[in-house]
Every structure is written in C-alpha cells, then in structure tokens.
Amino acid sequence: KGETLPELFNKTPRNSGGFGLRDVLTVDADEQTARDAFRMIIENGVSAVAVLDEDKKLLSSITTKDIRLFKSLEEAAMQRLTAEKSKRDTDTDKNPKDHLA
C-alpha cells in the first residue's frame, strides 16, 4: 500500500513570499475524486496534493500537469460523444421508423 513519511514531509515551504511552513494538502483515495484534488490545487494556489490511503500513507500525488492531461482527455471524450450523438441523430433523420420505440 502506501508509504509512511517522516514528520518533516508533512510541511512545505510557503511559496507566496511569506516565511514558514504550511501543511501539505492531501486527498483521501477512497473518499475524494480527482476533481476534488484539482479543486484543492486551484483554490489553494499549490502545484500538487498528496493522495493518501485509508491508513493515511502516501499512495501518489496529483499535480497541475495531471489537471491539463485530465482536461485534454475529458475534452476528447466529449468530442467523441458529441460526434456519436450527431451520427445517431443523422441516422434517425434518414430512417425515423427504425428508431421508434
């Protein structure tokens, strides 16, 4: 499963020009979605969040790069769904009797 990190890694330097450390943002792999992680990244102005298992051990991280990849995949899926719907609508227009329930 996950990896236990030393206490030192529970804090990260502030990048906002302030001094000191702040808590590392985390998401629970069993209870939160990738969208939750993306929202945390954007709302908090950070570059990543840690993904933890049920024992609070590190499984992975989600970064701003993952957001860009996810958005690209989501857009590709939406384009495909739109194209398939358009094709079905065209087929229905050609043969309306074949599609009556």
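## Elements and model

Helices here are DSSP runs of H or I with at least four residues, strands are runs of E with at least two, and both are numbered from the N terminus. K56 lies outside such runs, in the loop between β4 and β5. The model is predicted.

The protein has two helices and five strands. Along the sequence the elements follow the pattern β-β-β-α-β-β-α. Of the 101 residues in the protein, 15% are buried. Contacts with a separation of 6 or more include a long-range share: 34% of them join residues 24 or more positions apart.

## Confidence

Mean pLDDT for the protein is 75. A value of 70 or more is reached by 68% of the residues. Confidence varies by element. Strand β3, residues 26-28, has the highest mean pLDDT of the elements, at 91. Strand β1, residues 11-13, has the lowest, at 53.

## The open sheet

Three strands make up an open sheet, in the order β3-β4-β5. Its pairing is mixed. The edge positions belong to β3 and to β5 (58-63). Each edge strand has a single partner, so one side of each is left without a neighbour in the sheet. From one strand to the next, the twist averages 30°.

The mixed pairing can be followed strand by strand. β3 and β4 run parallel and are joined by three bridges. β4, residues 48-52, and β5 run antiparallel, with five bridges between them. Two of the facing pairs there can be named: A48 has T63 in β5 as its bridge partner, and V51 stands opposite S60 in β5. How much of β4 is buried? Four of its five residues are, so β4 is largely enclosed by the rest of the structure.

## Helix α1 on the sheet

α1 packs on the sheet and touches β3, β4 and β5. The direction of α1 makes about 60° with that of β5.

The helix spans residues 34-44, and A37, F38, M40 and I41 in it are buried. Viewed down the axis of α1, these buried residues fall within an arc of 160°, so they line one face of the helix. The face turned away from that buried side carries the exposed residues I42 and E43. Just after α1 comes G45, with a positive phi of about 65°.

## T26 in β3

T26 is found in strand β3. Across the pairing, T26 stands opposite A50 in β4. Is T26 buried or partly exposed? Its relative accessible area is 34%, and buried means under 20% while exposed means over 50%, so T26 counts as partly exposed.

Beyond its neighbours within four places in sequence, T26 is in contact with Q32, M40, A50 and L52. One of these, M40, is among the buried residues of α1. The C-alpha atoms of T26 and S61 are separated by 8.6 Å. Along the chain, T26 and S61 are 35 residues apart.

## D28 in β3

D28 also belongs to strand β3. Its relative accessibility is 12%, so D28 counts as buried. Which atom lies 2.8 Å from a polar atom of the D28 side chain? The backbone nitrogen of D30 does.

D28 also has contacts further along the sequence. With neighbours within four places left aside, D28 is in contact with L52 and K56. L52 is also a contact of T26.

## The β4-β5 hairpin and K56

β4 and β5 form a hairpin with five residues between them. K56 sits in the turn. Its relative accessibility is 55%, so K56 counts as exposed. Exposed K56 still has a buried contact partner: K56 is in contact with D28, and D28 counts as buried.

What is the phi of K56? The angle is near 65°, a positive value in a residue other than glycine. Most residues other than glycine have a negative phi. G45, just after α1, also takes a positive phi, of about 65°.

Methods. Residues are numbered from 1 along each chain as its sequence is written. This is a predicted model: local features need pLDDT of at least 70, side-chain atom pairs count only at pLDDT 80 or more; totals for chains, interfaces and linings use all residues. Side-chain values use heavy atoms; hydrogens and water are left out. Buried means under 20% relative accessible area, exposed over 50%, partly exposed in between (1.4 Å probe, protein chains only). The arc is that of the directions from the helix axis to the C-beta atoms. pLDDT is the predictor's confidence in each residue, from 0 to 100. Two strands pair if DSSP finds at least two bridges between them. Axes are lines fitted to C-alpha atoms, for helices over the stretch in contact, and angles run from 0 to 180 degrees between N-to-C directions. Contact means heavy atoms within 4.5 Å. A polar contact is a pair of N or O atoms within 3.5 Å; within protein, one must be able to donate a hydrogen and the other to accept it, and residues adjacent in sequence count only if both atoms are side-chain atoms.
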